Amino acid sequence: MPRNAGLIGPLAIAPTTSVASGVYGLAGQQQNAGNWPVLTSQVIMVVHGAAGGLGASTSGGGGGGYAGGIGGVTTMTASIAEGTVLHIRRGGIGASNAAGNGGGTNGGGVGNGDQPNPGGGGGGGYSGVFLSSVAHANALVIAGGGGGGGGRNESGGPWPGGTGGGATGSDATNGGSTGGSQSAGGSGGSGSGALQGGNASNHGGGGGGGYYGGGAGSYAGGGNYRGGSGGSGFVASSGTINSVGVTVAASSTSAGGGDTTGQVTINGTAYDNGDTFTAWPGGASILSIDWLIVAGGGGGGSSGGDGIGGAGAG
């Protein structure tokens, strides 16, 4: 092929054309440095909130304690700039009342009460993916954790924990607390708010962690204790988050349906709490790069300088 000639992808340069050094777009216009193409990577995220812990009963009560709520499920397909670091948080299951009723990792609220008294389980933790650093304002996707189950000493109820969100965490069955929303933590107990479920008092179940955490359960009367409510989920919109451009192709968030253990996958690979994912290099594919670099110059024929062309994948 003659020197300085190229037929690379959609951009063709005739063999005798003199081409200046530089970067060229699809239509052949020379680009300045500020207009160079941005490399983007597609990431497909599937995030499950963790379940709340099991409540407890006394040995002489009306049966076992009530189950914690299941976490929510959130999905997103988005394009982000090459080199962007995503921070993963995987929620932990709330501890059962018998195991100390601690809240699950990542915002699960603490249940209250211990044997031989009936009491609630801990709230499940949220799972999520954050841009550049873990902060409420940097959330890309979050699935809410389920509320901790309630306890019982007599017949009555039921008092299970509410499921994690979804746009809103579900309220605990038969009342006593509310789920987290898109703007505030749920009512019930203390401490619910951004990423944090409420902590219970008087033997109730803890609230689930979430974009905003669920409220915690409390005494229901007659020797029974309510479960906690679920935390809310979240999906970001296309725009700029923490100085990173994000283009969302598809997303969804729904209450319940989680795998209970807070699983997080990106592009089909499971990640654990505290892991990071870098958008190319790091496993994501490049979506669109259409450009050509020419070094050297001169016309065709033996007297011209060497031209070097390169094209990205379309």
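Before we start, one definition: two strands pair if DSSP finds at least two bridges between them. Keep in mind that we're working with a predicted model.

**Exercise 1.** Work out which residue of β15 stands opposite V46, and how the two strands fit into their sheet.

*Solution.*
- Start with the pair itself: β5 (residues 40-48) and β15 (residues 264-266) run antiparallel to each other, joined over three bridges.
- Within that pairing, T265 of β15 is the residue facing V46.
- Now zoom out. The open sheet has six strands, ordered β13-β14-β6-β5-β15-β16, with antiparallel pairing.
- Its edges are β13 (239-241) and β16 (269-271), each of which pairs on one side only.
- On average, neighbouring strands here are turned by 35 degrees against each other, direction ignored.

**Exercise 2.** Decide whether T265 is buried or exposed, and list what T265 touches beyond four places in sequence.

*Solution.*
- The relative accessible area of T265 is 13%.
- The cut-off for buried is under 20%, so T265 counts as buried.
- Leaving out residues up to four places away in sequence, T265 touches I44, M45, V46 and A270.

**Exercise 3.** Place I266 in the largest nonpolar core and find which strand gives this core its largest share.

*Solution.*
- That core holds 31 residues, and I266 is listed with L86, V129 and L140 as having the most contacts inside it.
- Several strands supply at least two core residues each, among them β5, β9 (139-143) and β15.
- The largest share, five residues, comes from β9.
- Setting aside residues up to four places away in sequence, I266 touches V43, I44, M45, L86, I88, V129, Y271 and F277.

Terms used. Residues are numbered from 1 along each chain as its sequence is written. This is a predicted model: local features need pLDDT of at least 70, side-chain atom pairs count only at pLDDT 80 or more; totals for chains, interfaces and linings use all residues. Side-chain values use heavy atoms; hydrogens and water are left out. Helices (H or I, at least four residues) and strands (E, at least two) are DSSP runs, numbered from the N terminus. Axes are lines fitted to C-alpha atoms, for helices over the stretch in contact, and angles run from 0 to 180 degrees between N-to-C directions. Buried means under 20% relative accessible area, exposed over 50%, partly exposed in between (1.4 Å probe, protein chains only). Contact means heavy atoms within 4.5 Å. A nonpolar core is a set of buried Ala, Val, Leu, Ile, Met, Phe, Trp, Tyr and Cys residues joined through side-chain atoms within 4.5 Å.
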